[in-house]
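This briefing covers selected local features of a predicted model. It addresses a pocket, a helix and backbone angles.

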Amino acid sequence: MGRVMKDSLVTVFGGGGFVGRQVAQALMARGARVRVAQRDLSTAVRVKPLGALGQTQFVAADIRKPESVARAVAGSDIVINLVGVLSGDFQGSHHDGAANVARAAAEAGVQALVHISAIGADAQSPSAYGRSKAEGEAAVKAAFPNATILRPSIIFGPEDRFLNRFAEIVRIAPVVPVIAADTRFQPVYVADVAQAVANAAENPGEHGGKTYELGGPQTYTMRELNAWIARTIGRDRSLCAVPASVASLIAMLPGGPITRDQLSMLAKDNVVAPGADGLAELGVAPTPMPAVAEKWLVRYRKHGRFAGRVQA
């Protein structure tokens with residue numbers, strides 16, 4: 001039986017972001033009080049209307065600074081760390097910050113810690129992102145052995161920088177360049193991730209000390225994903241696989257569409273490992289991408305929501 005979430009104080013690092021707002025809403029729906037902790041609180045105010053009066057708190061915190069983390073964690077029953085970056089200070093955010101959060105949670109005696117990592121976390125990864133995620137997992141386990149670690153694949157939702165980014169390219173480009181065309185993904189819906197986080201936080205006796213890989217019910221290659229987006233928004237587009245040599249040159253361009261580290265990440269499939277525990281073991285039924293994504297991708301159609309699926 002899960003612990004009672006009602007009136008528990010849950011500190012969510014990164015709680016004002018794309019995933020964080022969904023997690024906060026899932027927690028508050030269960031009666032928890034949510035303390036949003038992040039460096040820039042300007043986006044965090046969007047969490048406040050999601051809960052009842054007095055159900056939200058906000059604190060400025062930088063997970064790279066132990067004193068800042070300790071202040072944010074003080075008095076918490078549960079701690080959740082959602083902080084992650086796709087470029088920049090991987091070591092500070094994914095390893096040092098994760099270690100700071102786990103140590104502060106242990107010292108504060110919290111009942112549960114949920115740490116968001118990523119599929120692809122691997123000490124031998126060719127990307128700094130993957131290596132730093134693996135180092136962060138190790139640091140969390142060392143400081144808080146009963147932590148639950150969740151490794152999602154690419155997360156999609158109305159405000160994502162994944163489907164929306166590709167849809168914008170498909171909308172404007174007559175020929176769509178596709179980098180890593182054969183790399184496979186298992187996109188997972190942001191609301192499903194949020195429920196998984198909340199279930200793990202509410203049931204540390206069942207889920208503590210375990211690692212789960214979160215993926216949706218379907219896998220797509222990068223080429224298949226772009227083709228699906230084109231069909232969904234009614235755009236007749238040619239897809240052109242970008243050769244690896246050309247992609248490497250593009251990744252070297254300052255301010256280019258992809259970094260060298262991101263290109264290294266794309267060298268390996270981003271799917272749930274065979275036999276890994278996942279959403280089902282966390283009590284969540286995965287949502288198919290086509291069942292929900294069309295609702296927000298409609299804005300990329302010609303004439304937007306006022307048109308059917310028309311060819312450009």
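The lining of the second largest pocket comprises 5 nonpolar, 1 polar and 4 charged residues, where Ala, Val, Leu, Ile, Met, Phe, Trp, Tyr, Cys and Pro count as nonpolar, Asp, Glu, Lys and Arg as charged, and the others, Gly among them, as polar. A pocket is an open set of points on a 1 Å grid over the protein atoms alone where a 1.4 Å probe fits, with protein on both sides within 12 Å along at least five of seven lines; lining residues have an atom within 4 Å of a point. The model is predicted: local features need pLDDT of at least 70, side-chain atom pairs count only at pLDDT 80 or more, and totals for chains, interfaces and linings use all residues. Residues are numbered from 1 along each chain as its sequence is written, and side-chain values use heavy atoms, without hydrogens and water.

**Pocket**
- The lining residues include Arg151, Glu213, Lys268 and Asp269.

**Helix α2**
- Ser68, Val69, Ala72 and Val73 are the buried residues (under 20% relative accessible area, 1.4 Å probe, protein chains only) of α2, residues 66-73 (helices are DSSP runs of H or I, at least four residues; strands are runs of E, at least two; both are numbered from the N terminus).
- These residues lie on the same side of α2 because they cover an arc of only 130 degrees around the axis, taken from the directions from the helix axis to the C-beta atoms.
- Glu67 and Arg71, on the other side, are exposed (over 50%).

**Positive phi**
- Gly75, which follows α2, has a positive phi near 85 degrees.
- Asp7, a residue other than glycine, has a positive phi near 70 degrees.
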